[in-house]
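Me: I am new to this structure and would like a close look at one part of it. Please begin with a single residue, and then set it beside some other places in the chain.

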Amino acid sequence: LSADLAALGSPLVLRRAPASAAALAQLAAETGATSLHFNHLYDPISLVRDNDAKATLAAAGVSVRTHRGDALYEPWHVLDAQGAPFSAFDPFWERVREMVAADPPAARLRPPRALPPPPSPAPPSLALTDLALLSPDEEASNHQLARRWAPGEAGAHAALRAFLAASLPAFDADRAKADRASTSRLSPHLHWGEVSVVTVYGAVTAVGAALAAAGADPAPAASFLRQLAFREYGRHMCFHFPFTHERSLLEHLRAAPWRLDQRLFKAWRTGRTGYPLVDAGMRELWATGWLHNRARVVCASFLVKHLTLPWQWGLKHFWDALLDADLECCALGWQYVSGGLPDGHPFGCLVDPAAEAEKYDPTGSYVRAWLPALARLPDAWIHAPWRAPARVLEDAGVELGPDGDYPFPVLSPDEAASGLAAAANVVSRSASGVRGGGAASAGPASGTGV
């Protein structure tokens, strides 16, 4: 961003301050700026910060203009016939499609050829290194991310073009496959504002129209747009139900008897649960800052349903590890896997990682890529090595156990199922005791990792 702005003639100004509002007011006074423009965010933390900035700058005589830059439509504009927020995803998405047909979101403005130079003398600015965003050890540990990501607007648009040409035509069939490049990997670029959701929506819509005009199936484009809509829905839910990053949308789920077991949580975080698909996903997450959407669902569901650990722990870890982490999507995704949405899977629904792996990583190539210790196991055992005969393990050079190449499951499938059943019984009894206290419902979504 700094390089792009400098090329236009106005370098980025970096400041550190206890409060954004005071720092912006000071910068406006230093430069003689008469207006402040910024794009909306919809999570409660950002809303409080931004409202404070509006009030402070307005009191200082600075005009404040805010804009829609992170969504197709503002959440307060997407309402049902009674003027209320939607309580399920499908009618929400239907309403958005009606709005797009009647009044498409305006295409982004072209960037200016140049920006006015800063006043003389230029406002003081810290160097990026002065911000100390990362310790030296953290900085060094993140060097490998450059092998997989090209930050910035140019990298974002290159990723979009590559997806449209190579992966979108097969998206409908491949999007849930973890063993191939089946998704766009645009979510980090969307999160950091390097490409807009309007730009992506327009580009994919154009490809869908071209496919239809050529007599080809436009379903892949429609399928991708639906995934993009889950991201949109996350903003809708976070704005209208701002508590959903902290507690369950459905009130009775707050009675869930979570285990508070740090040993199990560490096994999940570090990819040592003994369930290969889960462990492969968690290791990819930590190594690359990204995780395939289906793998996110499997890993998150495993934390909540197999280990019965609090979903808020998982949300915090994803927040720390994901390059595309934003509170709106994180909250919606974890509400979904924990059973917090009435039109999602119920709390007592158990996702079997081995069965999921057979569908979404049938040849084991994804597991082998991230768990090389299991690379020589035959396909029949790669997703459940604890079931493999001793001779098969020996031939593959795999020793299971705490001192071996790969752990046994931290909980057996039977233990996980019985633990979830007991917890679901508590939740069910709580639900039967609720008297009109439930929140409005929401739609199933996991709007990250598109």
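Reply: A residue is called buried when its relative accessible area is under 20%, exposed when that area is over 50%, and partly exposed in between (1.4 Å probe, protein chains only). By that rule histidine 317 is buried, because its relative accessibility is 7%.

The model is a predicted one: local features need pLDDT of at least 70, side-chain atom pairs count only at pLDDT 80 or more, and totals for chains, interfaces and linings use all residues. Residues are numbered from 1 along each chain as its sequence is written, and side-chain values use heavy atoms, with hydrogens and water left out.

Histidine 317 is part of helix H14, which covers residues 311-321. Helices (H or I, at least four residues) and strands (E, at least two) are DSSP runs numbered from the N terminus. Once neighbours within four places in sequence are set aside, the contacts (heavy atoms within 4.5 Å) of histidine 317 are with Phe265, Trp268, Arg269, Met282, Leu285 and Trp286. Helix H11 runs over residues 262-269, and Phe265, Trp268 and Arg269 are among the residues that histidine 317 touches. Another position to set beside histidine 317 is alanine 331, 14 residues apart from it along the chain, with 12 Å between the two C-alpha atoms.

Just before H14 comes a loop, which joins helix H13 (293-306) to H14 and holds threonine 308. Most residues other than glycine have a negative phi, and most peptide bonds are trans. Threonine 308 is not a glycine, yet its phi is positive, near 45 degrees. Threonine 308 counts as buried because its relative accessible area is 4%.

Leucine 253 sits in the loop between H10 and H11. Its relative accessibility is 3%, so leucine 253 is buried as well. Beyond the neighbours within four places in sequence, leucine 253 makes contact with Ser248, Ser338, Gly339, Gly340, Phe347 and Val427. Glutamate 153 is 100 residues apart from leucine 253 along the chain, and 41 Å separates the C-alpha atoms of the two.

On the other side of that loop in sequence is H10, which can be taken together with H9. Two packed helices are described by the angle between their axes and the distance between the axes. The axes of H9 (residues 197-213) and H10 (residues 219-240) come within 9 Å and cross at roughly 165 degrees. Here an axis is a line fitted to C-alpha atoms, for helices over the stretch in contact, and angles between N-to-C directions run from 0 to 180 degrees. H9 and H10 are therefore roughly antiparallel, the word used for angles over 145 degrees. From H9, the residues Val197, Val200, Tyr201, Val204, Thr205 and Gly208 meet Ala221, Phe224, Leu225, Leu228 and Arg231 of H10.

Phenylalanine 86 gives a link to residue 237. The C-alpha atoms of phenylalanine 86 and methionine 237 are separated by 8.7 Å, although their places lie 151 residues apart along the chain. Phenylalanine 86 is in the loop from strand E2 (63-67) to H4. With a relative accessible area of 10%, phenylalanine 86 is buried.

The loop between helix H4 (89-102) and helix H5 (136-141) contains proline 121. Serine 120 and proline 121 are joined by a cis peptide bond, with omega about 0 degrees. Alanine 132 belongs to the loop between H4 and H5, and its phi is near 50 degrees, a positive value in a residue other than glycine. Alanine 132 is exposed, because its relative accessibility is 54%.

Alanine 106 is another residue of the loop between H4 and H5. Its relative accessibility is 56%, so alanine 106 counts as exposed. Not counting residues up to four places away in sequence, alanine 106 touches Arg68 and Val198. From alanine 106 to glutamate 139 there are 33 residues in sequence and 39 Å in space, C-alpha to C-alpha.

Aspartate 50 is found in helix H3 (residues 44-59). Aspartate 50 is buried, because its relative accessible area is 9%. Apart from neighbours within four places in sequence, aspartate 50 is in contact with Phe38 and Leu41.

A last point is confidence, given per residue as pLDDT from 0 to 100. Its mean over the protein chain is 90, and 96% of the residues reach 70 or more. Residues 435-448 stay under 50, and the model has 54 contacts for them beyond four places in sequence. Where pLDDT is low, the predicted coordinates should not be read in detail.

Notes
pLDDT is the predictor's confidence in each residue, from 0 to 100. Angles under 35 degrees count as roughly parallel, over 145 as roughly antiparallel, 65 to 115 as roughly perpendicular and the rest as oblique.
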